[in-house]
Amino acid sequence: MVEEIRQYCPWSYLAGADTVISSISSFILAMMHYPEVQEKAYAELMDVIGPGRFPQFSDRESLPYIDAIMKESLRWQPVLPLGIGHSTTEDSEYEGCLIPKGSIVMANTWAILHNPEEYPDPDKFFPDRFMKDGKINSAVRDSSTASFGYGRRICPGRHFADNTLFMSVVSILYTYSIRPLTGPDGKPILKEVKMTSGSLSFPVPFDCQFEPHPSVIPLLRD
Ligand code: HEM
């Protein structure tokens with residue numbers, strides 16, 4: 001066990017820092033482009049928590065739309081669009097095609113999470129695709145079945161990442177409204193959504209403003 005921890009510790013920092021930053025950045029980018037999603041999430045937060053206190057982990061069960069936003073953030077812009085290469089340990093066959101032992105296999109996570117048969121209009125940030133009758137729809141493939149990798153090498157930090165993402169998303173949405181900057185003509189400056197290339201993908205740096213919700217200002221002063 002100690003040996004396993006030693007082996008994973010430096011890896012965990014490297015694997016856990018940029019990945020979480022990428023997913024939170026994609027979430028912020030989405031909020032700027034889809035104000036109607038922010039409004040719906042804020043309505044859920046006010047309905048379930050109200051204006052008097054900050055969200056807690058115990059609220060999660062009662063916040064399905066926030067859950068759907070997290071699923072959609074990991075789907076819309078997967079952090080590792082081609083996963084991480086896996087090497088086959090024996091000859092294998094897929095749909096009549098031989099995959100010899102020692103081949104490097106890349107999983108096309110991007111294609112899985114942008115398959116229009118499972119996720120219609122896949123480039124749109126639309127958390128409602130994961131919902132039915134006000135609850136998470138278990139018939140829709142959860143994006144975490146692909147965004148955290150596959151098989152024995154699946155991300156060991158996924159539960160930690162999931163909790164970090166929940167607390168970040170819920171705290172940001174409870175506290176702020178995220179808006180684009182406005183130009184001298186008063187119109188919002190909204191640039192096209194662009195991601196960096198490379199195995200780990202981030203939104204290309206973008207400007208936005210965080211405006212505290214009036215209801216949260218007394219809490220921020222306490
Ligand atoms: C949103 C955040 C994260 C995403 C999307 C993510 C995604 C992934 C993916 C796709 C892999 C490759 C899995 C495979 O080979 O199939 C991976 C591996 C890994 N992740 Fe994460 N990860 C995240 C956060 C974290 C965190 C917070 C930690 C640690 C605290 C972590 C630790 C690791 C480690 C150590 C590996 C290598 C596992 C191995 O090769 O056996 N990750 N992650």
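**View 1. Cysteines of the predicted model.** Let us begin with Cys97, which is partly exposed, with a relative accessible area of 46%. Please keep in mind from here on that the model is a predicted one. Cys155 also counts as partly exposed, at 26% relative accessibility. How many disulfides does a search of the whole structure find? The search comes back with 0 disulfides.

**View 2. Cys155 and the iron atom of the ligand.** Which residue is the only protein donor of the iron atom? That role falls to Cys155, whose SG atom sits 2.3 Å from the iron atom of the ligand. To find Cys155 along the chain, look in the loop between α5 (144-147) and α6 (158-175). Cys155 also appears in UniProt, where an unreviewed entry lists this residue under "binding site".

**View 3. The whole protein chain, for orientation.** Before the next close-ups, here is the setting. The protein chain has 7 helices and 8 strands. Its C-alpha trace spans about 60 × 45 × 35 Å along the principal axes. Of the 222 residues in the protein chain, 37% are buried.

**View 4. Tyr42 in helix α2.** Here we look at Tyr42, a residue of helix α2 (residues 35-48). Is Tyr42 buried or exposed? Tyr42 counts as buried because its relative accessibility is 18%, and the cut-off for buried is under 20%. Now compare sequence and space: Tyr42 and Thr175 are 133 residues apart in sequence, yet their C-alpha atoms are 9.3 Å apart.

**View 5. A salt bridge between Asp128 and Lys40.** Side chains of opposite charge can pair when their charged atoms come close. In this structure the count of salt bridges comes to 9. One of them joins the side chains of Asp128 and Lys40, with an N to O distance of 2.7 Å. Asp128 lies in the loop between α4 (109-113) and β5 (131-132), while Lys40 lies in helix α2, so this pair ties together parts that are 88 residues apart in sequence. Asp128 is partly exposed, with a relative accessible area of 24%. Lys40 is partly exposed as well, with a relative accessible area of 40%.

**View 6. Glu72 and Arg75 within helix α3.** How far apart are the closest N and O atoms in the salt bridge of Glu72 with Arg75? The distance is 2.7 Å. Both Glu72 and Arg75 belong to helix α3 (residues 64-76), where they are 3 residues apart, about one turn of the helix. Glu72 counts as buried because its relative accessibility is 0%. Arg75, at 0% relative accessibility, counts as buried too.

**View 7. A network of salt bridges.** Which residues are linked in this network? They are Arg60, Asp67 and Asp162. Within the network, the side chains of Arg60 and Asp67 meet in a salt bridge, at 3.1 Å from N to O. Arg60 and Asp67 are both buried.

**View 8. Positive phi values at Glu95 and Asp121.** Most residues other than glycine have a negative phi. Glu95, however, has a phi near 45°, a positive value in a residue other than glycine. You can find Glu95 in the loop between β2 (92-94) and β3 (97-99). Is Glu95 buried or exposed? Glu95 counts as exposed because its relative accessibility is 72%, with the cut-off for exposed being over 50%. Asp121 has a positive phi too, near 50°. Asp121 is placed in the loop between α4 and β5.

**View 9. A nonpolar patch on the surface.** Our tour ends at the surface. Which residues form the nonpolar patch there? Phe54, Ile217 and Leu220 do, and together they have about 230 Å² of accessible area. Leu220 belongs to helix α7 (residues 217-221). Leu220 is partly exposed, with a relative accessible area of 43%.

Terms used. Residues numbered from 1 in each chain as written. Predicted model: local features only at pLDDT ≥ 70, side-chain atom pairs only at ≥ 80, totals over all residues. Heavy atoms only, no water. Patch = residues over 30% accessible without salt bridge, like charges linked within 9 Å, V, L, I, M, F, W, Y side chains within 5 Å. Areas by Shrake-Rupley, 256 points an atom, 1.4 Å probe, with all protein chains shown as cover. Salt bridge = Lys/Arg side-chain N within 4 Å of Asp/Glu carboxyl O. Helix = DSSP H or I, 4+ residues; strand = E, 2+ residues; numbered from the N terminus. Buried < 20%, exposed > 50% of the residue type's maximum accessible area, 1.4 Å probe, protein only. Donors = N, O, S within 2.8 Å, 3.2 Å for Na, K, Ca; no water. Disulfide = S-S within 2.5 Å. UniProt positions renumbered as here; feature names shortened; annotations may be inferred.
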